[in-house]
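Me: I would like to go through this model slowly, one question at a time. Could you take me through the reasoning behind each answer?

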Amino acid sequence: MRTETPIMIRLEDYRPSDYLIGTVALDVSLHPTATRVRAELTLAPNPAGRAGAPLVLDGDDLALVGLALDGVPLAAEAYTATPSALTLPNPPAAPFRLTIETEIDPTANTKLMGLYRSNGVYCTQCEADGFRRITYFLDRPDVMAVYTTRIEADRAEAPVLLGNGNPGQAGAAGPGRHYAVWHDPHPKPAYLFALVGGRLDHVRRGFTTSEGRAVELAVYVEPGKAGRADYALDAIARSMTWDETAFGRAYDLDVFNVVAVSDFNMGAMENKGLNIFNDRYVLASPETATDADYAAIEAIIAHEYFHNWTGNRITCRDWFQLCLKEGLTVFRDQEFSSDMRSRAVHRIGEVRTLRARQFPEDAGPLAHPVRPRQYAEINNFYTATVYEKGAEIVRMLRTLLGAPAFRAGMDRYFADNDGRAATVEDFLAAFAATSGRNLDAFARWYERPGTPRVAVQGVYDAQARSYRLSFRQSLPGAPDAPPLVIPVSLGLVGAGGPLADAHSDRVRDGVFVLDAPDDTLTFTDVSAPPVPSLFRGFSAPVRIEMELTDADRLALLRHDTDAFNRWQAAQSVAMRLLVQGTRSGALPEAAARPFTTALGAFLDGEALVDPAFAALVLALPSEADVANEIGSEIDPDAIHAARHALRRQLGSGLADRLHRLREALADAPDTPFRPDAEAAGRRALRNAALDLLAAADPAAGSALAGTQMATATTMTDRLAALAVLAQTPGPAREEALARFAETYRAEPLVLDKWLAIQAGISEAGTLDRIRDLQAHPTFSMTNPNRVRALIGSFSMGNPTQFNRLDGAGYALVAETVLALDRTNPQVAARLLTAFGSWRMLEPGRRERAKSSLTEIRGVAGLSRDVGDILARTLAGSTNP
Ligand code: B3K
Ligand code: ZN
């Protein structure tokens with residue numbers, strides 16, 4: 001049986017709601033299986049809507065218990081109620097009050113949308129359309145209302161009761177019961193509603209905003225875990241201060257609460273004044289969290305906090321505008337992290353993520369514009385394209401306008417749209433107004449899927465001392481697409497260093513704007529043959545095609561002033577070697593020698609100056625990166641072999657240096673733990689060295705890793721050692737894994753790392769190992785973190801085993817998708833996106849992947865979430 005054709009929602013069909021909601025008074029009486037929700041809505045016809053239209057409130061799996069209009073129970077013939085809609089065919093023409101009573105079962109809610117229980121804690125998730133699982137509502141972001149929420153619960157079960165906004169009255173409510181009232185004065189869409197009830201510990205501190213408002217900040221966690229919440233609490237305060245300085249945005253309520261829950265479909269949620277987090281992005285201690293965890297906590301705390309202005313105060317008119325809040329807020333959190341850490345290192349990390357997640361998406365069947373034009377299931381559009389490419393568009397806007405003009409445009413955007421549900425057009429209009437520029441052509445970035453290519457050629461004229469660069473831009477599959485506005489940050493580098501005198505009047509502040517299909521740029525006063533350093537800082541999300549020799553690239557690694565392009569130069573040389581090695585099935589030592597020599601010189605000069613940067617230079621492109629670069633007829637085993645060969649050669653060629661570095665970077669025994677960028681950078685380089693040494697000499701590497709396991713004082717070091725041990729079959733590995741599991745048996749978040757390492761082992765036995773782990777007590781199909789750690793890490797992080805020749809890797813993931821679809825379709829659909837690049841595979845694997853996909857399609861009763869991803873994956877993009 002086939003899934004029925006889904007209903008497409010289209011941007012062009014947008015029209016304002018026929019009714020608006022002014023206030024919402026909610027009374028939620030919590031009970032594990034029978035929670036009562038009484039919603040009193042004040043409604044009025046929307047002057048911008050259709051007069052006399054029926055009132056249709058959204059529902060999802062709802063049971064209506066009572067309904068009254070202006071306080072009078074409604075006669076049965078005056079309305080119809082189904083689980084998915086409450087309709088009043090003839091609502092009053094003047095403002096009216098609707099009182100709706102529903103009953104819901106939070107314990108049975110395995111979708112983790114709406115009101116559910118996680119480890120006994122009541123919590124909510126309403127974005128994108130979960131509020132309609134709590135009560136009937138106009139569940140669309142352009143309907144904004146002022147909410148008052150009264151929460152009632154058993155005091156023993158839920159001593160802590162939290163809502164949006166500011167706390168009001170609280171007290172006893174009958175035998176064993178109590179209540180708390182919360183009022184949020186800022187009008188908001190339903191997707192920002194939240195409540196929490198449970199036994200929770202907390203940490204708190206005060207904060208005074210730049211406007212003089214005293215705010216109480218708190219982080220709530222499971223009992224006994226408060227000691228792990230301090231870093232998150234501190235990150236909130238730092239985010240608040242940063243947004244005041246960087247964007248002039250201050251917080252606007254008396255309290256700001258963050259709650260960590262253990263069952264959560266994504267990372268976190270920016271509900272007004274009450275952010276709810278996946279506990280992995282809150283809880284941190286030196287014993288349990290890696291440096292990457294600390295950095296992610298800081299970034300996500302900041303991201304959700306920054307939504308208070310970009311998302312909450314100014315929300316989206318409709319879900320097509322999702323990038324308006326997500327892309328912009330990712331840009332803001334990237335800037336925050338760059339200011340807190342090393343800007344260059346952070347930028348490299350951003351681009352690695354973009355290339356690893358967004359470029360493949362943009363090249364595959366799930367490609368869509370940053371502002372999609374249609375969707376069947378909006379929850380499937382919280383993608384790398386909307387988030388990461390969306391952030392790149394904002395970054396390009398700043399590069400094009402310059403920082404002061406960008407800030408002026410942002411100020412204008414906030415001033416003009418505060419309290420509104422806005423569009424991408426509103427956003428761009430603010431910048432056009434303040435800068436006087438026409439941004440119509442720039443706006444094409446929001447409309448065009450696919451990663452643009454920019455081909456560049458350079459010609460040096462020694463006589464004229466000039467250098468000509470010709471650019472040609474194109475969009476794959478769209479030869480007639482009008483050109484994009486592409487900011488190219490660039491400069492020229494000579495054999496001995498930057499060519500400072502070279503200049504071109506078309507380069508302003510280091511930026512050339514490519515806005516035609518072809519263009520040519522001439523530099524004068526070029527004293528020596530130059531190497532162009534193009535797209536410095538990765539100034540546009542494009543693929544660059546330019547024939548540079550390895551010697552040219554290694555000159556950039558040595559001399560460029562732009563750290564990003566120095567890193568890029570090393571990556572490009574490595575990539576060429578890896579592609580060549582993959583294609584030829586061999587990587588002769590002589591081919592890699594110049595690269596090894598250059599890296600050696602680089603390490604000698606700079607490894608200890610900026611260890612974090614050096615660690616990134618040593619990290620080769622991933623197997624997935626190489627696959628994306630090759631683009632078709634992919635053989636993951638060949639890529640793995642080539643990459644392993646290059647790691648081995650680097651490891652043996654640089655062995656002495658790597659050993660010395662490991663010693664120089666080791667902390668003295670009494671060094672206190674610090675999670676900052678500097679300390680993390682030292683650990684990163686030390687562990688990158690370990691990885692290469694182990695590739696060259698597995699026995700010696702395992703011994704080093706074994707010692708590091710035994711003596712490590714941080715989770716970063718322990719895990720890096722375990723990852724190395726996991727690469728070598730044998731009793732040492734099994735023993736290390738067993739000991740780790742025993743040490744952390746009460747720490748699910750640490751065991752997730754243990755699951756992920758095992759899922760990533762590039763050996764045929766991994767499949768059986770995963771089947772065993774599925775039966776391990778820590779694993780649970782109902783907890784998204786566990787599923788992502790084991791199955792997600794396998795499908796996204798283990799190319800050779802997911803793409804096994806016999807198709808068993810695909811079968812395992814398909815089976816998990818189907819099992820999960822019955823309880824949590826959103827997470828199931830996300831897991832299914834692992835098949836997104838199946839058409840790039842060589843024919844044998846392609847057929848196997850396709851037959852797994854076809855098998856899923858044959859199953860009756862698929863969710864809309866899975867059905868949508870499946871249909872697009874099999875058919876090609878429906879978002880041309
Ligand atoms: N806005 C939420 C994501 C909601 C996802 C809904 N399927 C988290 C964030 O981006 O901040
Ligand atoms: Zn967000």
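**The shell around the ligand**

Me: How do the residues of the shell around ligand 1 divide into nonpolar, polar and charged?
Reply: The model is a predicted one, and this should be kept in mind for each answer here. When the residues of the shell around ligand 1 are sorted by type, they divide into six nonpolar, four polar and five charged.

Me: Which residues come nearest to ligand 1?
Reply: There are 15 residues around ligand 1, each with a heavy atom within 4 Å of the ligand. Of these 15, the ones that come nearest are Glu127, Glu270, Glu304, Asn379 and Tyr387.

Me: What is the distance between an oxygen atom of ligand 1 and an N or O atom in the side chain of Tyr387?
Reply: Several polar side chains can be followed here, and one of them belongs to Glu270, which has a polar side-chain atom 2.8 Å from a nitrogen atom of ligand 1. In the side chain of His303, an N or O atom is 3.1 Å from an oxygen atom of the ligand. For Tyr387, the distance from such a side-chain atom to an oxygen atom of ligand 1 is 2.5 Å.

Me: How much of the accessible area of ligand 1 does the protein cover?
Reply: On its own, ligand 1 has 340 Å² of accessible area. With the protein in place, the part of this area that is covered is 94%.

Me: Why does ligand 1 lie between two domains, and which are they?
Reply: The elements that give two or more residues to the shell are strand S20 (268-269), helix H2 (291-306) and helix H3 (322-340). Because residues of the shell come from both domains, ligand 1 lies between domain 1 (9-306) and domain 2 (319-446).

**The largest cavity**

Me: Which element gives the most to the lining of the largest cavity?
Reply: A search of the whole structure finds three cavities of 30 Å³ or more, and the largest has a volume of about 40 Å³. Its lining is made up of Cys323, Leu324, Leu328, Val394, Val424, Phe427 and Tyr446, and the elements that give two or more residues to it are H3 and helix H7 (424-435). With three residues, the element that gives the most is H3.

**Backbone and loops**

Me: Which residue is joined to Glu127 by a cis peptide bond?
Reply: Most peptide bonds are trans. The bond that follows Glu127 is cis, with omega about 0°, and it leads into the loop between strand S11 (121-125) and strand S12 (145-154). The residue joined to Glu127 in this way is Ala128.

Me: What is the phi of Arg465?
Reply: Arg465 lies in the loop between strand S25 (453-461) and strand S26 (466-474). Most residues other than glycine have a negative phi. Arg465 is not glycine, yet its phi is positive, near 50°.

Terms used:
Residues are numbered from 1 along each chain as its sequence is written. Chains are lettered from A and ligands numbered from 1 in the order in which they are written. This is a predicted model: local features need pLDDT of at least 70, side-chain atom pairs count only at pLDDT 80 or more; totals for chains, interfaces and linings use all residues. Side-chain values use heavy atoms; hydrogens and water are left out. A polar contact is a pair of N or O atoms within 3.5 Å; within protein, one must be able to donate a hydrogen and the other to accept it, and residues adjacent in sequence count only if both atoms are side-chain atoms. Accessible areas come from the Shrake-Rupley method with a 1.4 Å probe; for residues, only the protein chains shown count as cover. Helices (H or I, at least four residues) and strands (E, at least two) are DSSP runs, numbered from the N terminus. Ala, Val, Leu, Ile, Met, Phe, Trp, Tyr, Cys and Pro count as nonpolar, Asp, Glu, Lys and Arg as charged, and the others, Gly among them, as polar. Domain bounds come from an automatic or database domain assignment. On a 1 Å grid over the protein atoms alone, a cavity is a set of points where a 1.4 Å probe fits but cannot get out, and a pocket is an open set with protein on both sides within 12 Å along at least five of seven lines; lining residues have an atom within 4 Å of a point. Grid points are joined across faces, edges and corners, and a volume is the space filled by probe spheres set on the points.
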